[in-house]
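Here is a brief report on backbone geometry and strand pairing. Please look over the sequence and the model before reading on.

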Amino acid sequence: MINAVGRPQSILVLGGASELAGAVVAHLVPERCRTVVLAGREGPRLDAAVEAARSLGAEATAVQFDVNEVAGHAAFAADVFERFGDFDVVLAAAGVLGNQEVDEHDPAAAAAVMQANYTGLAAALLAVADRMRHQGHGRLVVLSSVAGLRARRANFVYGSSKAGLDAFAQGLGDALVGTGVGVTIVRPGFVVGRMTDGMAPAPFATTPEQVGAAVSRAITAGAPVVYVPSVLRWVFLVMRHLPRAVWRRLPG
Ligand SMILES: NC(=O)c1ccc[n+]([C@@H]2O[C@H](COP(=O)([O-])OP(=O)(O)OC[C@H]3O[C@@H](n4cnc5c(N)ncnc54)[C@H](OP(=O)(O)O)[C@@H]3O)[C@@H](O)[C@H]2O)c1
């Protein structure tokens, strides 16, 4: 259970090897989050994430989870809550950036980005939300992106998938009002890290560490929406209203 000072003691991560999830775990474990369950595709990245959480002092476990295996999401959620008990936080971190130049000419590649980021992950969130309703407490934290606030010509495949996920998370948050379960939507800007490796940082670029700190604060505060860095809330308030002729010229 979330303790008296608002700190979670257990977390389930969907997309357990995510760099941003690792940064969140690195903030939560030293503040008494003991149970860390990292759900992801088996491999060295997931193993390394488990080791990193253990080295911080957590009881960390990897479980197999593929966001695209939608038919298995209900059974996955049932199994993981059965094995590990209640979760104070479920962090939805799975996602892919894709390659816009390829994806906009390859429908199957575009659909794979959309499924990983939106339909597959949203379906998993529904399965987990039912379990959290049943336990009557906890927080779903969804890693969205400012890219979903208004699709850009330069990355509209990824951006539209994040728009779908973000809208879904808003609706899910409303559906969960009164159940004891809250939803926090996280909207980072450009994060200098693995997903953006080799790309030129965008203005107001941030770091995984800053995302981890912001998510940790948002959990304690029960914040419904958090921008990282926080100035992006105001930047995008203006940018969303730029004329389309200007907007479509913005770089990726
Ligand atoms: N980095 C940024 O600039 C940025 C900015 C805004 C929002 N975000 C969002 O933040 C989230 C985390 O990103 P990140 O920076 O931590 O990137 P990351 O390190 O590449 O993590 C993404 C994770 O998603 C997992 N994943 C992808 N497809 C999956 C599938 N089919 N089933 C299960 N897991 C799958 C990957 O698993 P594998 O390790 O097996 O590949 C990887 O561990 C993403 O949703 C991303 O869109 C990132």
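## F204: exposure and phi

F204 is partly exposed, because it has 17 C-beta neighbours inside 10 Å. A residue counts as buried at 20 or more and as exposed at 12 or fewer. The model is predicted.

The backbone at F204 deserves a check. Its phi is near 65°, a positive value in a residue other than glycine. F204 sits in the loop between β6 (181–188) and α7 (208–221).

## R32: a positive phi

R32 is a non-glycine residue with positive phi, near 80°. Its place is the loop between α1 (19–28) and β2 (35–40).

Is R32 buried or exposed? R32 is partly exposed, because 13 other C-beta atoms lie within 10 Å.

## The cis peptide bond at P229

The peptide bond running from V228 to P229 is cis. Its omega is near -5°. P229 belongs to the loop between β7 (225–228) and α8 (232–239). V228 is the residue on the other side of that bond.

## β2, α2 and β3

The loop that holds R32 leads to β2 (35–40). In which sense do β2 and β3 pair? The pairing of β2 with β3 (residues 59–64) is parallel, over 6 bridges. One pair of bridge partners is G40 and Q64, the latter in β3.

Helix α2 (residues 44–55) joins these two strands in a β-α-β unit. The unit made by β2, α2 and β3 is right-handed.

Note on methods:
Residues numbered from 1 in each chain as written. Predicted model: local features only at pLDDT ≥ 70, side-chain atom pairs only at ≥ 80, totals over all residues. Helix = DSSP H or I, 4+ residues; strand = E, 2+ residues; numbered from the N terminus. Pairing = 2+ DSSP bridges. Right-handed = clockwise from strand over helix to strand, strands pointing away.
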